[in-house]
Amino acid sequence: MAIDHDKLRAQLGDEQYELLIRTAKVQKSREDFWWFCKTMYPEFYQDDRQYLKDFCYTLQNFLEGDDDILVVNMPPRHGKSFSAQNLVKWWLGIHPNAKIMTGSYNEALSKTFSRSVRDTIGERKVKGGRVVYSEIFPKTKIKRGDGAASLWALEGQHSTYLATSPGGTATGFGCSLLLMDDIVKNAEEAFNEDTLEKHWNWFTQTMLSRREAGAKIIIIMTRWSTMDLAGRALEHFSRVGAKLVHVNYKA
């Protein structure tokens, strides 16, 4: 049954109506990733962007399901990295004991990803302002004195998040979620066999070795070559019988 918002506002008054709507958004955001994104970033996550809605539910269903690896291929400038960052924020709100490791094509980008997650969690509410993370997940907080750009923890945890890039180390860190975001930088890398081989070796020898029992893997990237990380991962995990989901969005 649709809600008559004009009638409801008239009955409650502006202040109580706005408080009711805000409370409903906060509660819905705790259980629904799409609603979390819409509440936090309403200018970008709009209902007429159906592909974004589908993408958000694909990510949530994967994390809540029993599949092992999700490979998502999307064109550039479609919000894939932004949505991946928001997924980590949302998941840590629900599971503050999760251990997240992300990989991007260089150190600067991996730190940007990490900083976005860290700073959003650390943001505090301003009276009368927009909904912020601490309203939705008030118990999820950055550990005091442990807010480095690429390695930090939540309160009560020894380690929560590590951001790295090809060739980087992950020594001493275990993860329950491994998220690879756009490992290939450009066409020059995409058609360089040596670079693609280095990416694969780093992924299999360094990143995969840090998974804890039951850890999930998400690979999100624009496809450039059949031999890129996504292509080789699809072939490898299919061959070994992993529970794999592949989603391919066309431009």
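**Reading a predicted fold, strand by strand**

Modeller: Let's start in the sheet of this predicted model. Strand 2 (residues 100-103) is paired with strand 5 (residues 161-164) in the parallel sense, over four bridges.

Biologist: Happy to start there. Which residue of strand 5 stands opposite isoleucine 100?

Modeller: Tyrosine 161 does. Strand 2 also runs parallel to strand 6, and four bridges join the two. There, threonine 102 has leucine 179 of strand 6 as its bridge partner.

Biologist: How should I read the side chains of strand 2? Which residues point one way and which the other?

Modeller: Ile100 and Thr102 point one way, Met101 and Gly103 the other way, and all are buried.

Biologist: Let me follow the sheet onward from strand 6. Which strand pairs with strand 6 over six bridges?

Modeller: Strand 7 does, and strand 6 (residues 175-181) pairs with strand 7 in the parallel sense. Leucine 179, already met as the partner of threonine 102, has isoleucine 218 as its bridge partner in strand 7. Strand 7 (residues 211-221) is also joined to strand 1 (residues 69-73), running parallel, by five bridges. Asparagine 73 is bridged to methionine 221 there.

Biologist: And the overall tally? How many helices and strands does the protein have?

Modeller: There are 10 helices and eight strands. Buried residues account for 47% of the 251 residues. Among contacts between residues at least 6 apart in sequence, 70% join residues at least 24 apart.

Biologist: Now the interior. Which residues touch the most other members of the largest nonpolar core?

Modeller: Phe36, Leu92 and Ile218, in a core of 43 residues. Ile218 is the residue bridged to leucine 179. A second, separate core has 23 residues, including Met101, Phe203, Leu229 and Ala233.

Biologist: Leu92 caught my eye. What does leucine 92 touch, not counting residues up to four places away in sequence?

Modeller: Its contacts include Ala98, Ile100, Val117, Trp152 and Thr140. Thr140 is worth a stop: threonine 140 lies in the loop between helix 7 and strand 3 (142-147).

Biologist: Is threonine 140 buried or exposed?

Modeller: Threonine 140 is buried, because its relative accessible area is 3%, and the cut-off for buried is under 20%. A polar atom of its side chain lies 3.4 Å from the backbone oxygen of leucine 92. Beyond residues up to four places away, threonine 140 also touches Gly93, Pro96 and Ile121, among others.

Biologist: Is there a similar case in helix 7 itself?

Modeller: Try serine 134, found in helix 7 (residues 133-136). Serine 134 counts as buried because its relative accessibility is 15%. A polar atom of its side chain lies 3.4 Å from the backbone oxygen of glutamate 123. Leaving aside neighbours within four places in sequence, serine 134 is in contact with Glu123, Arg124 and Lys125.

Biologist: Let's turn to rings. How many aromatic pairs does a search of the whole structure find?

Modeller: The search finds 14. Take tryptophan 34 and tyrosine 45: their ring centres are 6.0 Å apart and their planes are at 80°, so the pair is edge-to-face. Tryptophan 34 lies in helix 3 (residues 33-40) and tyrosine 45 in the loop between helix 3 and helix 4 (50-64), so the pair ties together parts that are 11 residues apart in sequence. Tryptophan 34 and tyrosine 45 are buried. Elsewhere, ring pairs link Phe33, Phe36, Trp90, Trp91, Tyr133 and Phe137 into a cluster.

Biologist: What about charges and rings? Which residue lies over the face of phenylalanine 62?

Modeller: Lysine 216 does, at 4.5 Å from the ring centre. Arginine 49 lies over the face of phenylalanine 44, at 5.2 Å from the ring centre.

Biologist: One last feature: how do I read the buried side of a helix?

Modeller: An α-helix has 3.6 residues a turn, so residues three or four places apart point the same way. In helix 10 (residues 229-239), the buried residues are Leu229, Ala230, Gly231, Arg232, Ala233, Leu234 and Phe237.

Biologist: And what do the buried residues of helix 10 pack against?

Modeller: They pack against strand 1, strand 6, helix 9 (193-207), strand 7 and strand 8 (244-248). Helix 10 is followed by glycine 241, which has a positive phi, near 80°.

Terms used. Residues are numbered from 1 along each chain as its sequence is written. Side-chain values use heavy atoms; hydrogens and water are left out. Two strands pair if DSSP finds at least two bridges between them. Buried means under 20% relative accessible area, exposed over 50%, partly exposed in between (1.4 Å probe, protein chains only). A polar contact is a pair of N or O atoms within 3.5 Å; within protein, one must be able to donate a hydrogen and the other to accept it, and residues adjacent in sequence count only if both atoms are side-chain atoms. Contact means heavy atoms within 4.5 Å. A nonpolar core is a set of buried Ala, Val, Leu, Ile, Met, Phe, Trp, Tyr and Cys residues joined through side-chain atoms within 4.5 Å. Rings of Phe, Tyr and Trp (its six-membered ring) pair if their centres lie within 6.5 Å; planes under 30 degrees apart count as stacked, over 60 as edge-to-face and the rest as tilted. A charge sits over a ring if NZ of Lys or CZ of Arg is within 6 Å of the ring centre and within 35 degrees of the ring normal.
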